[in-house]
Amino acid sequence: ALSHIILHCPSVASIIREECVLSCILDLAKSSKSVLRTYALDVLANLLFVDEQALEVIRNLDCVATLIELLDTSNFYGKCSDLAILAHFFDTDEDVRLALWGRISFVVSLLSSENVEIQWRACFTLGMLASKVPEASRSKHALLDLTRLSNSVNHQVQRCARIALERLSLVV
């Protein structure tokens with residue numbers, strides 16, 4: 001619920017951005033329970049989606065190595081959120097660059113899913129990746145699917161697809 005509150009009420013982000021709160025969320029992301037890990041990563045990804053000021057706090061918590069490790073242990077939902085978070089570190093961290101390059105095609109392939117939740121997560125993740133790793137997100141397949149999904153009957157899918165397309169067009 002918290003991750004949806006962040007998206008619909010961005011003013012909440014300033015509270016969550018506090019270092020002590022983010023530290024607790026990162027601790028949950030390290031949990032052995034997949035559900036807690038997924039929700040924590042989802043909260044962090046949504047927070048960065050609406051409030052890039054949180055990036056500096058996350059950077060100060062020195063958690064990039066942990067986020068990279070979680071790519072291999074998270075379920076599908078957590079993996080998409082984790083990729084969206086790590087996109088913010090693409091320019092400054094070589095390990096992140098290596099981790100992301102091998103996984104972007106996975107996210108692009110999810111755009112053709114019939115599952116609305118998967119479509120939304122894939123659009124959301126590509127929207128985060130678009131401004132940081134545009135050349136990786138600009139495949140013909142990705143652009144066609146994002147265009148198709150920007151007319152989706154599902155409002156969340158439509159919104160995230162349009163944002164991804166806008167971000168890609170800004171860096172063309």
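**Entry 1: Arginine 59 and its partner**

I began with arginine 59 in this predicted model, and I found that arginine 59 is partly exposed, with a relative accessible area of 29%. I then looked for a charged partner, and I noted that arginine 59 forms a salt bridge with glutamate 56, the closest N and O atoms being 3.7 Å apart. Glutamate 56 also counts as partly exposed, at 43% relative accessibility. Both residues belong to helix α5 (residues 54–60), and because they are three residues apart there, about one helical turn separates them. I reminded myself that an α-helix has 3.6 residues a turn, so residues three or four places apart point the same way.

**Entry 2: Other salt bridges**

How many salt bridges does the count come to? I wrote down eight, and I followed some of them further.

I looked up aspartate 42 and arginine 121, whose side chains meet in a salt bridge at 3.0 Å, N to O. Aspartate 42 sits in helix α4 and arginine 121 in helix α10, so this pair ties together parts that are 79 residues apart in sequence. I checked how accessible the two partners are, and I found aspartate 42 buried at 4% relative accessibility, while arginine 121 is buried with a relative accessible area of 9%.

Next I took arginine 103 and aspartate 72, whose side chains meet in a salt bridge at 2.7 Å, N to O. Here too the pair links distant parts of the chain, since arginine 103 is in the loop between α8 and α9 and aspartate 72 is in helix α6, 31 residues apart. Aspartate 72 turned out to be exposed, with a relative accessible area of 58%. I also noted that Asp42, Glu117 and Arg121 are joined into one network by salt bridges that share partners.

**Entry 3: Helix α7**

Why can I call helix α7 largely enclosed by the rest of the structure? I found that 10 of the 11 residues of α7 (residues 76–86) are buried, so the helix is largely enclosed. The buried residues include Phe76, Lys79, Asp82 and Leu86. I then asked what covers them, and my list includes α4 (34–50), α6 (64–73), α8 (94–101), α9 (104–110) and α10 (116–132). At the start of α7, I found a side-chain oxygen of asparagine 75 within 3.2 Å of the backbone nitrogen of tyrosine 77.

**Entry 4: A buried charge without a salt bridge**

I stayed in helix α7 to look at aspartate 82. Which side chain of opposite charge is nearest to aspartate 82, and how far away is it? I found arginine 103 at 7.8 Å, and I noted that aspartate 82 is buried yet has no salt bridge. A salt bridge needs the nitrogen and the carboxyl oxygen to be within 4 Å. Leaving aside neighbours within four places in sequence, I listed Leu41, Leu67, Leu70 and Leu71 as the contacts of aspartate 82.

**Entry 5: The largest nonpolar core**

I turned to the largest nonpolar core, which has 63 residues, and I looked for the members that touch the most other members, which are Leu86 and Phe89. Helix α10 gives the most to this core, with nine residues. I followed phenylalanine 89 further, and, not counting residues up to four places away in sequence, I found that phenylalanine 89 touches Leu55, Ile58, Arg59, Val64, Leu67 and Val96. As background I wrote that in soluble globular proteins, nonpolar side chains tend to be buried together.

**Entry 6: Aromatic pairs**

I noted that the structure holds four aromatic pairs. For phenylalanine 76 and phenylalanine 106, I found ring centres 6.4 Å apart and planes at 75 degrees, so I recorded the pair as edge-to-face. This pair links distant parts of the chain, with phenylalanine 76 in helix α7 and phenylalanine 106 in helix α9, 30 residues apart. Phenylalanine 106 is partly exposed, with a relative accessible area of 31%.

Is the pair of tryptophan 120 and phenylalanine 124 stacked or edge-to-face? The ring centres are 5.5 Å apart and the planes are at 25 degrees, so I recorded the pair as stacked. Tryptophan 120 and phenylalanine 124 both lie in helix α10, four residues apart, about one turn of the helix. I found tryptophan 120 buried with a relative accessible area of 4%, and phenylalanine 124 buried at 3% relative accessibility. Finally, I noted that Phe49, Trp120 and Phe124 form one aromatic cluster.

Technical notes:
Residues are numbered from 1 along each chain as its sequence is written. This is a predicted model: local features need pLDDT of at least 70, side-chain atom pairs count only at pLDDT 80 or more; totals for chains, interfaces and linings use all residues. Side-chain values use heavy atoms; hydrogens and water are left out. Buried means under 20% relative accessible area, exposed over 50%, partly exposed in between (1.4 Å probe, protein chains only). Helices (H or I, at least four residues) and strands (E, at least two) are DSSP runs, numbered from the N terminus. Contact means heavy atoms within 4.5 Å. A polar contact is a pair of N or O atoms within 3.5 Å; within protein, one must be able to donate a hydrogen and the other to accept it, and residues adjacent in sequence count only if both atoms are side-chain atoms. A nonpolar core is a set of buried Ala, Val, Leu, Ile, Met, Phe, Trp, Tyr and Cys residues joined through side-chain atoms within 4.5 Å. Lys and Arg count as positive and Asp and Glu as negative; His and the chain ends are not counted. Rings of Phe, Tyr and Trp (its six-membered ring) pair if their centres lie within 6.5 Å; planes under 30 degrees apart count as stacked, over 60 as edge-to-face and the rest as tilted.
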